[in-house]
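Colleague: Please go through the terms used for this model. I would like each label set against its cut-off.

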Amino acid sequence: MKTENEKIDLYSSLQSNISESFDKKKITTAVLLCIGAVGLVLCGAFCLAKGAMLQNILFVLCSFMIIIAGYYVMNSRIKVLASTGSHLIERAVFFELNDAERMKKVLDEGGTLGDLNLSLQSNGKFRLDYLCSEDGQLCAVQIMEFVPYYYQPFTAVYHLREDQKKRIEELLKK
C-alpha cells in the first residue's frame with residue numbers, strides 16, 4: 001500500500017483505464033503465414049516422387065514460416081484505452097538532473113516542455129515516460145529517477161492539454 005509521501009507511477013495511476021487487446025494486423029499475418037506453411041507441406045507431399053531434396057527445402061521453409069507466425073502471435077498484444085479502444089503510444093526519453101528539475105518546474109506551472117532546450121540521451125539517471133492514446137483522449141507524462149536497479153517516480157503524473165501534447169510530441173521526435 002502506498003503512503004501519502006510515496007508517488008504512484010504512471011502505469012499504476014492509469015491501470016483502470018488501460019486494457020490489452022490483440023493487434024488484428026499481426027494475427028492476420030500469422031494466420032496467412034500458417035496457411036502458407038500448410039501449403040508448403042502439401043506441396044512437399046505431392047513432390048515426394050521428384051526427390052527428397054525439394055521436399056527437405058519445403059519443410060525447412062515451412063518450419064521458418066511457422067516460427068515467424070508464432071512470433072507474431074506472441075507479440076500481438078497491444079495496450080488500448082478501455083473507454084474508447086484507441087491504441088496507446090508509449091515512449092521514454094532519458095536526460096540528466098538539471099533537465100529534470102527544469103522539466104518539473106515547467107510541468108508544475110502548466111507550461112509546455114517543447115519550449116525547453118533539452119539534451120536528450122540514449123540512457124540517463126532520469127527518464128520521461130509518455131503515454132498517449134491515438135485519439136487524444138488521454139495524454140500523460142511522468143518523470144522517473146533511477147535508483148539502483150529500478151526507476152522510481154520523481155514527479156506526480158501530469159495529464160497534458162492538447163497544446164502541451166503537440167509540443168511534447170515535437171520534443172520526442174528529435
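**Labels and their cut-offs**

Modeller: Start with one position: I89 stands opposite C132 in β4. This is a predicted model, in which local features need pLDDT of at least 70 and side-chain atom pairs pLDDT 80 or more, while totals for chains, interfaces and linings use all residues. Residues are numbered from 1 along each chain as its sequence is written, and side-chain values use heavy atoms, without hydrogens and water.

Colleague: How do you know that β3 and β4 pair, and in which sense?

Modeller: Strands are DSSP runs of E with at least two residues, helices runs of H or I with at least four, all numbered from the N terminus. Two strands pair if DSSP finds at least two bridges between them. β3 and β4 have eight, in the antiparallel sense. β4 and β5 are also antiparallel, over seven bridges, with Q142 of β5 as the bridge partner of D129.

Colleague: What makes β4 count as mostly covered?

Modeller: Buried means under 20% relative accessible area, exposed over 50%, and partly exposed in between (1.4 Å probe, protein chains only). Eight of the eight residues of β4 are buried. Both faces are covered, with F126, L128, Y130 and C132 on one side and R127, D129, L131 and S133 on the other.

Colleague: What makes the rings of F126 and F154 a pair, and of which kind?

Modeller: Rings of Phe, Tyr and Trp (its six-membered ring) pair if their centres lie within 6.5 Å; planes under 30 degrees apart are stacked, over 60 edge-to-face, the rest tilted. The centres of F126 and F154 are 4.9 Å apart and the planes at 75 degrees, so this pair is edge-to-face. F126 is in strand β4 and F154 in the loop between β6 and β7, so the pair ties together parts 28 residues apart in sequence. Both F126 and F154 are buried.

Colleague: Which kind of pair do F146 and Y151 form?

Modeller: Their centres are 5.2 Å apart and their planes at 65 degrees, so F146 and Y151 are edge-to-face too. F146 has 34% relative accessibility, so it counts as partly exposed. Ring pairs link F94, F146 and Y151 into a cluster.

Colleague: How do you know that R127 lies over the face of Y151?

Modeller: A charge sits over a ring if NZ of Lys or CZ of Arg is within 6 Å of the ring centre and within 35 degrees of the ring normal. R127 lies over the face of Y151 at 4.4 Å from the ring centre.
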